[in-house]
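Trainee: Could we go through the aromatic contacts together? I'd like to start with the ring pairs and then see what else turns up.

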Amino acid sequence: MEPIAIQIQRKGLALDQAQIGKLGAEFRDAHWVRLPQLLEPSILEFLQARLDSSQWETMSHGKIGEEYITNDLPTTSLLHFVMNRPKFRAIIEEITGCKGLQWFRGRVYRMIAEAGHHDNWHTDEDDSNEVGVSLNLSRNLFRGGLFMLREGDSKRVLASVANTGAGDALIFRISPKLNHRISDLEGNEPKTAFAGWFKSSAPGCFKDTEHSGANQ
């Protein structure tokens, strides 16, 4: 089991500074890291119970992909609250080296294989997206649905990650030099996640960063 570097708990944040330092070194080399058990189990259980009874609607992202999303207010409000806490943002800055992160915006989505949901290669680049996040909220183990990261020019795959741990999160670099996608789901179990971006007030934190990458 991977050690917990940071965990969002009801009483606040639990930190292991030594692990955070290791994650920073890993992020510089690989452009992504996993945050194991980012959510305390009691918070995860609350969210999963809400999502079990939520209403879902189709969201199309044009050529990029299609999925279900929910706007359940208690779920989205809690997730945005914890992700936008200044202390948590500061930890993300420390791990990624990206200073000046101002806020986080995300959505709760669900992908189902038989519904034809898909996600194609894209960058998520705009004027202020700097760090991407995918937080696993799935109740059961799903197959497929890998987070994949590649170099934009060479198409060399840098990561292909099954983020199936309950409450685990991936954070990854947003750059015009990097593409990412979620591979197709397989089987009957859906993938449910909270995904979005830490944004900066001054765009360009990673835009000119040279990267070498590391096969994962």
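Trainee: So how many aromatic pairs does the structure hold?
Mentor: This is a predicted model, and the structure holds four aromatic pairs. One of them is formed by F88 and F198, whose rings are tilted at 45 degrees between the planes, with 6.1 Å centre to centre.

Trainee: Where in the chain do F88 and F198 come from?
Mentor: F88 belongs to helix α4 (residues 86-96), while F198 belongs to strand β15 (residues 191-200), and the pair therefore links distant parts of the chain, 110 residues apart.

Trainee: And are those two buried or exposed?
Mentor: F88 is buried, with a relative accessible area of 1%, and F198 is buried as well, at 0%; both count as buried because the cut-off is under 20% relative accessible area.

Trainee: What about F147 and F172, how are their rings arranged?
Mentor: F147 and F172 also form a tilted pair, with 4.7 Å centre to centre and 40 degrees between the planes. F147 lies in strand β10 (residues 147-151) and F172 in strand β12 (residues 169-173), so this pair ties together parts that are 25 residues apart in sequence. Both F147 and F172 are buried.

Trainee: Back to F88 for a second: which residues are in its cluster?
Mentor: Ring pairs link F88 with F104, F194 and F198 into a cluster.

Trainee: Changing topic, which ring does the charged end of R181 sit over?
Mentor: The charged end of R181 sits over the ring of W121, and the distance from the centre of that ring is 5.9 Å.

Note on methods
Residues numbered from 1 in each chain as written. Predicted model: local features only at pLDDT ≥ 70, side-chain atom pairs only at ≥ 80, totals over all residues. Heavy atoms only, no water. Phe/Tyr/Trp six-rings, centres within 6.5 Å; stacked < 30°, edge-to-face > 60°. Helix = DSSP H or I, 4+ residues; strand = E, 2+ residues; numbered from the N terminus. Buried < 20%, exposed > 50% of the residue type's maximum accessible area, 1.4 Å probe, protein only. Lys NZ or Arg CZ within 6 Å of the ring centre and 35° of its normal.
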